[in-house]
Amino acid sequence: MKYVKQFGIILFLSLLGELCHALLPLPIPASIYGIMLLFLCLELKVIPVSSVKEVSGFLIEAMPIMFIPAAAGLMDSWPVIKDAWVSYTVITVLSTFVVMAVSGRVVQFVMRRSEKDKTEEEESKDERAV
């Protein structure tokens with residue numbers, strides 16, 4: 001039952017992402033809205049990490065399986081893309097490095113901010129204890 005509840009939380013936030021996509025006139029995919037909502041809920045401690053930990057671990061482990069249909073579709077579209085495969089490869093490699101760099105910077109920022117918040121929290125506890 002725990003897994004159903006955890007999966008339900010993730011699906012509910014995905015549904016909210018779909019609603020945001022339908023209501024907001026921005027060119028952002030619904031899945032991005034959903035993942036941002038999940039991130040905000042976890043960061044603001046609206047949802048504790050323990051509420052989605054096991055199912056999110058399972059979903060991350062199963063992620064490679066999700067690429068199989070895309071790869072099959074790519075093979076099916078080969079006659080259309082074969083003339084521009086070099087351009088697609090270059091764009092894919094470059095965009096992968098850009099995404100890795102931006103993701104790394106965001107993670108560093110969040111980790112520094114979290115570390116700073118913990119330090120400030122400890123200092124305020126020490127001041128209250130005195």
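Colleague: Let's start with Ser-51. Leaving aside neighbours within four places in sequence, what is Ser-51 in contact with?

Modeller: With those neighbours set aside, Ser-51 is in contact with Gln-6 and Ile-9. Keep in mind that this is a predicted model. Contact here asks for heavy atoms within 4.5 Å.

Colleague: And where is Ser-51 found?

Modeller: Ser-51 sits in the loop between H2 and helix H3, which covers 53-61.

Colleague: What makes Ser-51 count as buried?

Modeller: The cut-off for buried is under 20% relative accessible area. Ser-51 comes in at 19%, so it counts as buried.

Colleague: Lys-45 is in a loop as well. Which loop is that?

Modeller: Lys-45 lies in the loop between H2 and H3.

Colleague: Why is Lys-45 called exposed?

Modeller: Exposed needs over 50% relative accessible area. Lys-45 has 70% relative accessibility, so exposed is the right word. Its backbone deserves a look too: Lys-45 is not a glycine, yet it has a positive phi of about 60 degrees.

Colleague: Now Pro-25. Is it buried or exposed, and how do you know?

Modeller: The relative accessibility of Pro-25 is 77%; exposed starts over 50%, so Pro-25 counts as exposed. You will find Pro-25 in the loop between H1 and H2. From its C-alpha to that of Thr-89, 64 residues apart along the chain, the separation is 31 Å.

Colleague: What makes Glu-121 partly exposed?

Modeller: Partly exposed is what lies between the buried limit of 20% and the exposed limit of 50%. Glu-121 has a relative accessible area of 48%, so it falls in that range. Glu-121 is part of helix H6, residues 85-129. Its C-alpha is 35 Å from that of Glu-61, with the two positions 60 residues apart in sequence.

Colleague: On to the cysteines. How many disulfides does the rule give?

Modeller: The count is zero disulfides.

Colleague: How do you know that Cys-20 has no such bond?

Modeller: A disulfide needs the two sulfur atoms within 2.5 Å. The closest cysteine sulfur to that of Cys-20 is in Cys-41, at 11 Å, so it is too far for a bond.

Colleague: What are the burial classes of Cys-20 and Cys-41?

Modeller: Cys-20 has a relative accessible area of 24%, so it is partly exposed. Cys-41 has 16%, which is under the 20% limit, so Cys-41 is buried.

Colleague: Which residues make up the largest nonpolar core?

Modeller: There are eight: Ile-9, Ile-10, Leu-13, Leu-38, Cys-41, Ile-47, Val-52 and Val-55. At least two of them come from each of H1 and helix H2 (30-43). H1 gives the most, with three residues.

Colleague: Why would such side chains gather like that?

Modeller: The general trend in soluble globular proteins is for nonpolar side chains to be buried together.

Colleague: What does Ile-47 touch, if residues up to four places away are not counted?

Modeller: Ile-47 touches Ile-9, Leu-13, Cys-41 and Leu-42.

Colleague: Let's zoom out. What secondary structure does the protein chain have?

Modeller: The protein chain has six helices and zero strands. Read from the N terminus, the order is α-α-α-α-α-α.

Colleague: How do you know whether the protein chain matches a compact globule?

Modeller: For 130 residues, a compact globule would have a radius of gyration near 14 Å, whereas the protein chain has 20 Å. The C-alpha atoms fill a box of roughly 75 × 35 × 35 Å along the principal axes. Of the 130 residues, 12% count as buried. The accessible surface is about 11,000 Å², and carbon and sulfur atoms account for 72% of it.

Colleague: What share of the contacts with a separation of 6 or more joins residues 24 or more positions apart?

Modeller: That share is 53%.

Colleague: Last one: what is the confidence like across the protein chain?

Modeller: The mean pLDDT is 91, and 98% of the residues reach 70 or more. Among the elements, helix H1 (residues 2-23) has the highest mean, 95, and helix H4 (residues 63-76) the lowest, 85.

Technical notes:
Residues are numbered from 1 along each chain as its sequence is written. This is a predicted model: local features need pLDDT of at least 70, side-chain atom pairs count only at pLDDT 80 or more; totals for chains, interfaces and linings use all residues. Side-chain values use heavy atoms; hydrogens and water are left out. pLDDT is the predictor's confidence in each residue, from 0 to 100. Helices (H or I, at least four residues) and strands (E, at least two) are DSSP runs, numbered from the N terminus. A nonpolar core is a set of buried Ala, Val, Leu, Ile, Met, Phe, Trp, Tyr and Cys residues joined through side-chain atoms within 4.5 Å. Buried means under 20% relative accessible area, exposed over 50%, partly exposed in between (1.4 Å probe, protein chains only). The radius of gyration is taken over C-alpha atoms; the globule rule is 2.2 Å times the number of residues to the power 0.38. Accessible areas come from the Shrake-Rupley method with a 1.4 Å probe; for residues, only the protein chains shown count as cover.
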